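Dear colleague,

I am handing over the structure we spoke about, and below it you will find notes on its aromatic residues and on its surface. Please read them with the structure open beside you.

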Amino acid sequence: MAPLLGSKPFPLVKPLPPGEPGERFVIAHTQEAFRTREEYEARLEKYSERIWTCKSTGSSQLTHKEAWEEEQEVSELLKEEFPVWYEKLVLEMVHHNTISLEKLVDTAWLEIMTKYAVGEECDFEVGKEKMLQVKVMKIHPLEKVDEEAPEKKTDGACDSPSSDKENSSQVAQDSQKEAILKEDDRRDSMSK
């Protein structure tokens with residue numbers, strides 16, 4: 001991950017081909033290599049300005065190196081504090097979700113803290129003094145208590161508000177067609 005320049009990603013220099021003859025100038029924290037001292041010094045000067053933003057925390061007015069190091073720290077912290085087995089659970093929860101960020105964070109926190117996830121590593125207590133390291137392989141859903149069967153809907157019925165609107169307009173169209181047919185029949189009978 002590279003720091004942001006303003007609010008946009010700033011691309012690193014493409015690596016030089018290995019074994020290329022000549023002197024190389026390398027920026028220590030990014031490992032970017034330059035053929036000429038001028039390119040190297042220009043990039044170092046840009047990196048020393050306090051115009052960089054950490055992509056992970058949003059901290060701004062940092063040098064490139066400070067933003068780079070902050071991103072590395074946050075990345076390491078995330079790996080320690082947010083295990084891989086929660087990724088699928090949280091990503092499925094937030095994908096296309098339109099509730100407020102605060103409610104979404106609360107919902108995700110509740111899921112993580114109250115439910116197990118496939119792949120999660122846990123301590124399993126056997127007896128009073130024995131603990132085993134275990135890994136969740138499968139989660140069996142709780143059996144559902146039989147609830148009263150909801151009223152059966154007619155074929156094609158839907159709870160969607162747009163469907164209600166479509167259905168009511170269809171009924172209106174059918175009524176209009178029926179009235180037109182009756183009017184046509186009445187005219188035909190009068191003309192005979």
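Phe82 counts as partly exposed, because its relative accessibility is 27% and the partly exposed class runs between 20% and 50%. Please keep in mind here, and for everything that follows, that this is a predicted model. Tyr86, by contrast, has a relative accessibility of 11%, and therefore counts as buried, for which the value must be under 20%.

A search for aromatic pairs across the whole structure gives seven of them. One of these is made by Tyr47 and Trp52, whose ring centres lie 5.6 Å apart and whose planes meet at 80°, so that the pair is classed as edge-to-face. Tyr47 and Trp52 are both buried. Phe82 and Tyr86, the residues with which I began, also form an aromatic pair, but a tilted one, with 6.0 Å from centre to centre and 50° between the planes. Returning to Tyr47 and Trp52, these two residues belong together with Phe10 to one aromatic cluster.

On the surface, Phe124, Val126, Leu132 and Val134 make a nonpolar patch of about 290 Å². The elements that contribute two or more residues to this patch are strand 6, which spans 121-126, and strand 7, which spans 130-135. Val126, which lies in strand 6, has a relative accessibility of 33% and therefore counts as partly exposed.

With best wishes

Key: Residues are numbered from 1 along each chain as its sequence is written. This is a predicted model: local features need pLDDT of at least 70, side-chain atom pairs count only at pLDDT 80 or more; totals for chains, interfaces and linings use all residues. Side-chain values use heavy atoms; hydrogens and water are left out. Rings of Phe, Tyr and Trp (its six-membered ring) pair if their centres lie within 6.5 Å; planes under 30 degrees apart count as stacked, over 60 as edge-to-face and the rest as tilted. Buried means under 20% relative accessible area, exposed over 50%, partly exposed in between (1.4 Å probe, protein chains only). Patches are made of residues with over 30% relative accessible area and no salt bridge: like charges are joined within 9 Å, nonpolar side chains (Val, Leu, Ile, Met, Phe, Trp, Tyr) within 5 Å. Accessible areas come from the Shrake-Rupley method with a 1.4 Å probe; for residues, only the protein chains shown count as cover. A salt bridge is a side-chain nitrogen of Lys or Arg within 4 Å of a carboxyl oxygen of Asp or Glu. Helices (H or I, at least four residues) and strands (E, at least two) are DSSP runs, numbered from the N terminus.
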